[in-house]
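Me: Could you walk me through how to read a protein model, one feature at a time? I would like the general idea before each case.

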Amino acid sequence: MSERVYQKCININCSATFSVAEPLFACRSCGDLLDVQYDWEHLEVPGNLGWFEQRWSTRHEPLDWSGVWRFRELLPFCSTRDCVTVGEGQTILQRNDHVAEYTDSAPGSVYLQYEGMNPSGSFKDNGMTAATSHAKMVGAENVACASTGNTSASIALYAHACDLGCTVFIGSGRIAYGKLSQALDYGAKTIQIKGDFDDCMRQVQDVCRKENIYLVNSLNPFRLEGQKTIMYRVLEALRWQSPDWIVVPGGNLGNSSAFGKAFLELKHLGLIDKVPRLAIINAKGANTLYELYENQGIRFNGGDVEVGKVNQYYQELDDSGYRPDTVATAIEISRPVNLKKCLRALEICNGVVRDVSDEDIVEAKSVVGRFGIGCEPASGASVAGLKLLREQGIIGSNEMAVCILTGHQLKDPNCTVNYHIEQDGRFSNSPIEVDNDIDAIIKAIKS
Ligand SMILES: *Cc1c(COP(=O)(O)O)cnc(C)c1O
Ligand SMILES: [Zn+2]
């Protein structure tokens, strides 16, 4: 299998390749990001996506039940013997006409992909099942990550499921309690660094290099292989038809990168006709991608990214003492590690990037709560982004848009309760205080 599957540096001036047996998280020659690449011509790939439906009847098999591994022919980097699964990817694609109305879209054109249904409550499980499988495959004993919360919750769950030692690095700033409670409950060694996420990200890489620990941040190319399956499940729910748009929040940009790779490969394999367009939504308080892509015109350029301009932008952020700041803590990231891969995804999918305010994020989140299954703040960014792109006429009223709801409603209850108690939101639903008296209670119910 080894030469049919390999890791390849995405820097076109380097293009070094490495065996998948090597646990790397950066190119050993130039330090750039690595991709998992397949020699598809010599691998067995189904001739059409409907082929995967046969697995619905064998779902008593854990790997056929998994919403990631039942597509294993499309991420064939490890043998089934190494696959780790806890039953991830049982997600729902919900048509939601109320959200359509909120975003001024035609009925039947807006769908919500509920990734909060995953075992640890966020899409990260799609990636962790793949990363821990690779960790097992290469014989790793310890894993680590930096996290705004969900990555640590997810790896803590997968690490104990397959007996890996687990350390997570969190910043001293905001971390939603739902997420922190999971990491602690699942038994991860939790290191709180006096700094923000970007500081944690730098430290964890150095520590992993020094101590030979397996890194599971989205720098890890195997994690992104698992996240491709979110798109396969969207296609599956749409009877293998591509929607017009995928709308996704952007933080470290692993998800958007994985989606672009998924569509590139499906197109290459002749398994889809149409590649959807991609809309990546930043929070205004952490809008590096928006600034670089929409305002500074940074493009993938076939791999020839203007790195100088990007570094200059980061230097300016540092010089001005900038710290990202948004209620959507899962995307409170100013130096997205997957920037280059994400630019590639934007090229593949003819993408756009937008940024939305915290007010818009929280309101969109409350609409998803009121009419859908609920989501955490970062996920609300995708609905807020769709609304904005409808206002701008970029997305047509009849175009089919799938908003990715990346995390569960209960991840960040403080944000939700504050919105409802403060009463000034359009959908605020605050508790009504009454005296301990039946007449007062009935009066309140009827009011
Ligand atoms: C991690 C995360 C994001 C950001 O995804 P990236 O792949 O880092 O861009 C968005 N929403 C939630 C809920 C997350 O946990
Ligand atoms: Zn390289």
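Reply: Here is a walk from the overall fold down to single residues. Keep in mind that this is a predicted model.

Me: Let's start with the whole. How many helices and strands does the protein have?
Reply: A count of elements is a good way in. Here the secondary structure comes to 16 helices and 13 strands.

Me: What does the radius of gyration say about the protein?
Reply: The idea is to set the value beside what a compact globule with that number of residues would have. For 447 residues that expectation is near 22 Å, and the protein has 21 Å, so the two agree. For the outline, look at the C-alpha trace, which spans about 75 × 50 × 45 Å along its principal axes.

Me: What share of the residues is buried?
Reply: Burial is read from relative accessible area, with under 20% as the cut-off. In the protein, 60% of the 447 residues are buried. The surface itself comes to about 18500 Å², and carbon and sulfur atoms hold 46% of it.

Me: And how much of the contact network links residues 24 or more positions apart?
Reply: Here you look at the separation along the chain for each contact. Counting contacts with a separation of 6 or more, 71% join residues 24 or more positions apart.

Me: Where do the charges sit, on average?
Reply: One can take the mean position of each sign and see how far apart the two means lie. The protein has 43 positive and 56 negative charges, and their mean positions are 3 Å apart.

Me: How many disulfides are there?
Reply: A disulfide is a covalent bond between the sulfur atoms of two cysteines. In a model, the test is whether two cysteine sulfur atoms lie within 2.5 Å. By this rule the count is zero. Cys 200 is in no disulfide, because the nearest cysteine sulfur, that of Cys 145, is 9.6 Å away and the rule asks for 2.5 Å. Cys 200 is also buried, at 0% relative accessible area. Cys 30, at 37%, is partly exposed.

Me: Which residues have a positive phi without being glycine?
Reply: For this feature, check the sign of phi and the residue type, then see where the residue lies. Two cases are Asp 163, with phi near 60°, and Arg 239, with phi near 55°. Asp 163 is in the loop between helix 4 (150–161) and strand 7, while Arg 239 is in the loop between helix 8 (229–237) and strand 10 (245–249). Asp 163 counts as exposed at 68% relative accessibility, and Arg 239 is exposed at 52%.

Me: Now a helix residue, please. Is Asp 125 buried or exposed?
Reply: Find the element, then the accessibility, then the neighbours. Asp 125 belongs to helix 3 (residues 124–137) and is buried, with a relative accessible area of 0%. Beyond four places in sequence, Asp 125 touches Glu 88, Asn 118, Pro 119, Ser 120, Ser 154 and Tyr 158. His 98 makes a useful reference: it is 27 residues from Asp 125 in sequence, and their C-alpha atoms are 28 Å apart.

Me: What about a strand residue: what does Ile 92 touch?
Reply: The routine carries over. Ile 92 lies in strand 4 (residues 92–95) and is partly exposed at 34% relative accessibility. Leaving aside neighbours within four places, its contacts are Leu 112, Gln 113, Tyr 114, Met 117 and Ile 373. Ile 92 and Ala 237 are 145 residues apart in sequence, yet 8.3 Å apart from C-alpha to C-alpha.

Me: And a loop residue: where is Arg 174?
Reply: Arg 174 sits in the loop between strand 7 (165–171) and helix 5 (177–185). With a relative accessible area of 44%, Arg 174 is partly exposed. Not counting residues up to four places away, it touches Asp 325, Thr 326, Val 327, Thr 329 and Glu 332. From Val 110, 64 residues away along the chain, the C-alpha separation is 32 Å.

Me: One last case: how far is Ile 442 from Trp 40 in space?
Reply: Compare sequence separation with C-alpha distance again. Ile 442 and Trp 40 are 402 residues apart along the chain, and their C-alpha atoms are separated by 67 Å. Ile 442 is found in helix 16 (residues 438–446) and counts as partly exposed at 39% relative accessibility.

Definitions and conventions:
Residues are numbered from 1 along each chain as its sequence is written. Chains are lettered from A and ligands numbered from 1 in the order in which they are written. This is a predicted model: local features need pLDDT of at least 70, side-chain atom pairs count only at pLDDT 80 or more; totals for chains, interfaces and linings use all residues. Side-chain values use heavy atoms; hydrogens and water are left out. Helices (H or I, at least four residues) and strands (E, at least two) are DSSP runs, numbered from the N terminus. The radius of gyration is taken over C-alpha atoms; the globule rule is 2.2 Å times the number of residues to the power 0.38. Buried means under 20% relative accessible area, exposed over 50%, partly exposed in between (1.4 Å probe, protein chains only). Contact means heavy atoms within 4.5 Å. Accessible areas come from the Shrake-Rupley method with a 1.4 Å probe; for residues, only the protein chains shown count as cover. Lys and Arg count as positive and Asp and Glu as negative; His and the chain ends are not counted. The place of a charge is taken as NZ of Lys, CZ of Arg, CG of Asp or CD of Glu.
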